[in-house]
Amino acid sequence: SLQKWVLREISNFEYLMQLNTIAGRTYNDLSQYPVFPWILRDYVSETLDLSNPAVFRDLSKPIGVANERHARDVKENFEDPTGTVDKFHYGTHYSNAAGVMHYLIRTEPFTTLHIQLQSGRFDCSDRQFHSVPAAWQARMENPVDVKELIPEFFYFPEFLENQNGFDLGCLQLSNEKVGDVVLPRWARSREDFIYQHRKALESEYVSAHLHEWIDLIFGYKQRGPAAVEALNVFY
């Protein structure tokens with residue numbers, strides 16, 4: 001399938017799904033759920049210009065240092081003076097069960113699983129997935145938040161809608177009620193978001209750079225000296 005992908009006989013989406021499957025990731029296990037990359041960094045423009053490289057995230061860097069400012073802290077944290085645990089850059093992971101439930105909180109059975117995880121109630125509203133632009137902003141501002149995406153971001157508009165009318169509370173600062181997920185300005189609807197986001201995944205820029213992200217998640221930069229150099233070591 002690598003050959004097929006290189007010859008562009010299969011899509012980036014399909015190739016990533018195949019890699020996830022080969023790596024033992026599956027929809028049946030929340031702790032090994034398929035992982036997809038954040039693709040874009042522009043969630044504020046009125047229109048999304050896929051011919052402009054500046055709208056894309058740098059796929060050669062782990063999401064934890066997508067903001068250059070975090071790179072220095074991440075490097076410093078790596079020096080573990082106690083020597084009791086193996087050294088790491090990130091104490092959390094780019095893909096875990098809580099993260100999957102975080103994104104899919106509006107969709108059963110994930111709603112119920114989330115409530116069970118939070119001892120019988122919804123997590124506080126400010127920590128919930130309430131907005132795509134805000135989720136990206138969190139990656140930019142909070143070096144601890146290193147969640148990548150899940151495949152649903154590229155084909156499943158329903159997870160962005162609070163179809164069941166769950167009471168997800170209000171945001172502290174704005175007192176705004178958390179309902180449907182807030183979309184980027186360039187998306188006219190949930191379906192449009194998925195359509196444009198998928199188009200971004202299949203764009204020329206991503207086709208040329210996706211292998212760099214694959215090296216981090218599935219390839220030789222997962223561990224060892226290459227991982228250290230790439231600031232890609234996880235607890």
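Before I look at any side chain: I call a residue buried when its relative accessible area is under 20%, and partly exposed between that and 50%. I also remind myself that this is a predicted model.

**Entry 1: Trp 5**

I started with Trp 5. Its relative accessibility comes out at 11%, so Trp 5 counts as buried. I then looked for its ring partner and found Tyr 15, which has a relative accessible area of 7% and is buried too. The two ring centres sit 4.3 Å apart with the planes at 10 degrees, so I put the pair down as stacked. Trp 5 belongs to helix α1 (residues 2-6) and Tyr 15 to helix α2 (residues 12-22), so this pair ties together parts that are ten residues apart in sequence.

**Entry 2: another Trp-Tyr pair**

Next I checked Trp 38 and Tyr 43. How are these two rings arranged? They make an edge-to-face pair, with 6.0 Å from centre to centre and 90 degrees between the planes. Trp 38 is buried at 1% relative accessibility, and Tyr 43 is buried with a relative accessible area of 4%.

**Entry 3: the rest of the aromatics**

I wanted the full tally, and the structure holds 22 aromatic pairs. I also found one aromatic cluster made up of Phe 13, Phe 36, Tyr 103, Phe 129, Phe 153, Phe 154, Tyr 155, Phe 156 and Phe 159.

**Entry 4: stepping back to the fold**

Which kinds of secondary structure does the protein have, and how many of each? I count nine helices and zero strands. Going along the sequence, I just write α nine times: α-α-α-α-α-α-α-α-α. The radius of gyration is 18 Å, close to the 18 Å the globule rule gives for 235 residues, so the protein is as compact as a globular protein of that length. Along the principal axes, the C-alpha atoms fill a box of roughly 50 × 50 × 35 Å.

I looked up burial for the whole chain as well: 47% of the 235 residues count as buried. For contacts with a separation of 6 or more, I noted that 68% come from residues 24 or more positions apart.

**Entry 5: surface and charge**

The protein exposes about 12,100 Å², and carbon and sulfur atoms supply 52% of that. I then asked where the charges sit on average. There are 23 positive and 32 negative charges, and their mean positions are 2 Å apart.

**Entry 6: Thr 112**

I picked Thr 112, which is in helix α5 (residues 110-117). Is it buried or exposed? Neither quite fits: with a relative accessible area of 36%, Thr 112 is partly exposed. I took a C-alpha distance from Thr 112 to Met 101, eleven residues away along the chain, and got 9.3 Å.

**Entry 7: helix α8**

I finished with two residues in helix α8, which covers residues 204-217. His 211 is one of them, and its relative accessible area of 37% makes it partly exposed. From His 211 to Glu 68, 143 residues apart along the chain, the C-alpha atoms are separated by 21 Å.

Asp 215 is also in helix α8. What does Asp 215 touch, leaving aside neighbours within four places in sequence? I found contacts with Tyr 220, Lys 221 and Gln 222. I also checked Asp 215 against Val 132, 83 residues apart along the chain, and their C-alpha atoms are separated by 26 Å.

Definitions and conventions:
Residues numbered from 1 in each chain as written. Predicted model: local features only at pLDDT ≥ 70, side-chain atom pairs only at ≥ 80, totals over all residues. Heavy atoms only, no water. Helix = DSSP H or I, 4+ residues; strand = E, 2+ residues; numbered from the N terminus. Rg over C-alpha atoms; globule rule 2.2 N^0.38 Å. Buried < 20%, exposed > 50% of the residue type's maximum accessible area, 1.4 Å probe, protein only. Contact = heavy atoms within 4.5 Å. Areas by Shrake-Rupley, 256 points an atom, 1.4 Å probe, with all protein chains shown as cover. Lys, Arg positive; Asp, Glu negative; His and termini not counted. Charge placed at Lys NZ, Arg CZ, Asp CG, Glu CD. Phe/Tyr/Trp six-rings, centres within 6.5 Å; stacked < 30°, edge-to-face > 60°.
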